[in-house]
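Below are some notes on how the two chains come together, set out as numbered points to be read alongside the coordinates.

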Amino acid sequence: MKVLVAVKRVIDYNVKIRVKPDNSDVDLTNVKMAMNPFCEIAVEEAVRLKEKGVATEVVAVTVGPKAAQEQLRTALALGADRAIHVETDERVESLGAAKALAKVVEQERPQLVILGKQAIDSDNNQVGQMLAALTGMPQATFASEVVVDGNGSEGDKLKVTREIDGGLQTIELALPAVVTTDLRLNEPRYAKLPDIMKAKKKPLDVVTPADLGIEVASRVKLLKVEPPAERQGGVKVGSVDELVDKLKNEAKVI
Amino acid sequence: MSVLVLAEHHDGLLADATAHVVAAAQAIGGDIDVLVAGQDVGAIAEAAAKLDGVGRVRVADSATFAHQLAEPLADLLKALADDYSHVLAAASTTGKNVLPRLAALSDVAQISEIIAVESADTFKRPIYAGNAIATVQSEDSLKVITVRATAFDAVGQGGSASVVPVEADVSNTLSSFVGEELAQSDRPELGAARVVISGGRGMGNGENFKLLEGIADKLGAAIGASRAAVDAGFVPNDMQVGQTGKIVAPELYIAVGISGAIQHLAGMKDSKVIVAINKDEEAPIFQVADYGLVADLFEAVPELDSKL
């Protein structure tokens, strides 16, 4: 079966972000960018399905500016066969991204679409669910285990264990389906240098939202971005006795 | 203007989060209805009817909605959404699973995990793991919103809303429930506890988490963990506090053997008082801790336990 995997270019998760002085947004100039960590897990899962002989082809897709092709090349180096870039300089939010991905799904007809559960920049946790809705597919969000019954042909089922608030839940979906990855689904591999070199030769198609016949511009206005309230600087205590005393008499929380 | 709140419930009980989401609905204004969807949910509907500010509890009681799978629940919400200007749910795994599906079915954006209501169309929400707060305005006619429960005080329980059944023609051929494994715990729920004590990689192994139990019992606390402790297999993942786990804001948060990575801080830095116990005095957790104790946790924790 064909697996489509969506990736997003985001600020590297180790970077301490800065808000722009005019409060218009977060400052991304000269900041290290990377593939969203949950998307790495999605790519890894797709590649593992291919290694198991379940997936026949893995297609990586992204929606975003030209620079996002770096993340598509990373996906190719990790084992994706080809890539599709929906190129736009608009500020794309979840619904626009989901609409673009839905068009790609319509053209590519994958049996399985894997996305990360959320991007660590917008922290929305929406695109996978929205894509499932737009394509009429079932969804398995926050997956920690994915088992394809059979080889993914028509009528085959997908069994997914999901991380829910009280523990784990297992559900079964009719294929084609959308899965979003949680952290414990797998441990992503690193791209090896020869694979990075080979990835440069793999096919990467570029389309625009206009080619797909959709609008990706957001209907949610970003009015302001502010730093969070700073916490008051705390104190270090010298002993457990002092700690208990402070909690009882100063903070009055115990 | 009228607001529909999707009730959060587990094991036949209305979850506390619902009372917090109703508070967010009150901040938006207008009539408030609560939707209780599931199987055998009569008692849950009765509990929801007692929440202050709720005008009506709508009940969809059917096997189709058992386990609150996303596909039928989103279809149900879509069938009801025309009557409302806002649909709200807790930013729980259920709310996060269902509401974006509803939003896309309705061709509107979704606003995730709001922490404040500025007006009926303008909200504040954290982005970048809580390192920035965005103010966003929705231009959509229907606002679909998940609410960070810890950011709103729960409404009281003096209400007496009417309970009315919902007739909706919803079926589900796409997904089915297979089973679940729920962690058993007699302690307060992590998201709602007044005190949380969490262990990190410094705990060394799962057995050592027992060290935290004495303190948890004495303070009526829930026990949490950092991602490092979960990934190392010390404790199950539903105990994880952080950007990718649970967001907590208790009165007292005690971080034991936790360095304080930004992803962890995203889940607990709105706690009223933070205590850190760590042997590394350079650990970033001390930058947010109100009280820091630089000490070996294997000595400090038993001592703290004995002195409470």
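1. In this predicted model, Leu252(B) stands opposite Val273(B) of S17(B), a pairing that belongs to the parallel match between strand S16 (residues 252-256) and strand S17 (residues 273-278) of chain B, which extends over 5 bridges.

2. These strands are part of an open, parallel sheet of 6 strands, ordered S13(A)-S18(B)-S17(B)-S16(B)-S14(B)-S15(B). Its edges are S13 (235-237) of chain A and S15 (222-225) of chain B, each of which pairs on one side only, and the twist from one strand to the next averages 20°.

3. Two helices deserve a look here. Helix H7 (residues 240-250) of chain A packs on the sheet, where it touches S13 of chain A as well as S16, S17 and S18 of chain B, its direction making about 170° with that of S18(B); helix H8 (residues 297-307) of chain B lies across S16, S17 and S18 of chain B and runs at about 135° to S17(B).

4. A further pairing between the chains is antiparallel, with 6 bridges joining S12(A) to strand S10 (residues 132-138) of chain B, and in it Lys221(A) has Gln137(B) as its bridge partner.

5. For the interface as a whole, 74 residues of chain A and 84 residues of chain B take part in the contact, and the buried area is about 6,800 Å², with 53% given by carbon and sulfur atoms. Asp165(A), Arg219(A) and Arg231(A) supply 11% of the area that chain A buries against chain B, more than any other three residues.

6. Turning to polar terms, the rule finds 8 salt bridges across the interface, and a salt bridge joins the side chains of Lys124(B) and Glu226(A) at 3.0 Å, N to O.

Notes: Residues numbered from 1 in each chain as written. Chains lettered and ligands numbered in written order. Predicted model: local features only at pLDDT ≥ 70, side-chain atom pairs only at ≥ 80, totals over all residues. Heavy atoms only, no water. Pairing = 2+ DSSP bridges. Helix = DSSP H or I, 4+ residues; strand = E, 2+ residues; numbered from the N terminus. Axes fitted to C-alpha atoms, helices over the stretch in contact; angles between N-to-C directions. Contact = heavy atoms within 4.5 Å. Buried area = accessible area lost by both parts, 1.4 Å probe. Salt bridge = Lys/Arg side-chain N within 4 Å of Asp/Glu carboxyl O.
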